[in-house]
Amino acid sequence: MNVDKFVEFLKSEKRYSPHTILAYTADIAQFEECAERECGVTDENDVTAPMIRIWLVELKERGVSNRSIGRKVASLRTYFNFLDRAGLIEHNPMLKIVAPKVTRKNPNVVLTDEMERVLAEKQQDTSFIGVRDSLILELLYATGMRQAEMLEVEEGDIDYEAQEIRIQGKGRKERIVPVSPMLLERIKEYIDRKHALNSKTPKLFVNRRYEAMSKKQLYTMVCKEMEAISSSAQHSPHVLRHSFATNTLSEGADVSSIKEMMGHSSLAATQVYTHTTIEELKKAYKLAHPRADEGYETPKEAIEKIEE
């Protein structure tokens, strides 16, 4: 097997994170174990589409969800595509494999008025940690940053004159997101207080020891604050990312702009938020229309226009 070469490709060319690479290699190792156990195959050139289907059936019988199976199929597809392009196999068995269909769920979001209550509550706490927590919540909501991206933001990534923050996204892809002057002023005040506490790290957000904040610390803080105030079914930094996209779309922003701000590699990843806003429009109609309770339907032309 050529997994070592594949790992080097993911590191050097794709620039994937160690976590992502670990997920890929775990999926490949799982398939290799099945191929050897069920078919006695240990060489990629001997792998066939039926062998892969045996593995997929085995996963399904073990109760693995379609979403997880789809991820494993994607891992194997990336692996065999790499082997094919590198000339390490004579045929690509993944060409005949189709991932199981997954019902896409609309993402959980925090409504604008809920978020305003969250921020208003936090801004009452003027301690250093209170100010830090308030800024984290507002930045996640105002920029759509991923949790990992926020933890990587450094003081030097903030451009006060251009009113922008530089973000290192997935695969080390850099992007720029706009920030309001008011929020930038609060960031500047926070940094001044951070310096007064003799924090040495260039990272923007620090813990109670004034060292770079960890993923667990940020996640725990956000969940705690959101659970106390918000009615959202889920509470996490990623819910605020979803909320940024959904609420920005609702205010009239175009999908392409949101794609760039969120750092999505394809428009398809962003378009899920258009379905969320459509559902919200339908809910609002049912609540507000005087004849909604009588089974009165929104005109077909209007719905078709909304869903385009």
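Which residue takes a positive phi in the hairpin of β2 and β3? In this predicted model, Gly171 does, with a phi near 65 degrees, and the hairpin has 5 residues between the strands.

Let's look at the sheet around that turn. The sheet is open and has 3 strands, ordered β1-β2-β3 with antiparallel pairing. Strands β1 and β3 form its edges, each pairing on one side only. Between β2 and β3, which run antiparallel, there are 5 bridges. One residue pair to pick out on screen is Ile165 with Val177, its bridge partner in β3.

Here are the strands with their residue ranges:

| Strand | Residues |
|---|---|
| β1 | 158-159 |
| β2 | 164-168 |
| β3 | 174-178 |

Strand β3 also shows a neat side-chain pattern. In a regular strand, side chains alternate between the two faces of the sheet. Along β3, Arg175 and Val177 point to one face and are buried, while Glu174, Ile176 and Pro178 point to the other face and are not buried. Val177 thus appears twice in this picture: as a buried side chain and as the bridge partner of Ile165.

Now for a helical residue. Met226 sits in helix α9, which spans residues 215-229. Is Met226 buried or exposed? Met226 is buried, because its relative accessible area of 2% is under the 20% cut-off. Leaving aside neighbours within four places in sequence, Met226 is in contact with Val110, Met115, Val118, Leu137, His235 and Leu240. As for Val239, its C-alpha is 9.8 Å from that of Met226, and the two residues are 13 apart in sequence.

Note on methods: Residues are numbered from 1 along each chain as its sequence is written. This is a predicted model: local features need pLDDT of at least 70, side-chain atom pairs count only at pLDDT 80 or more; totals for chains, interfaces and linings use all residues. Side-chain values use heavy atoms; hydrogens and water are left out. Buried means under 20% relative accessible area, exposed over 50%, partly exposed in between (1.4 Å probe, protein chains only). Helices (H or I, at least four residues) and strands (E, at least two) are DSSP runs, numbered from the N terminus. Two strands pair if DSSP finds at least two bridges between them. Contact means heavy atoms within 4.5 Å.
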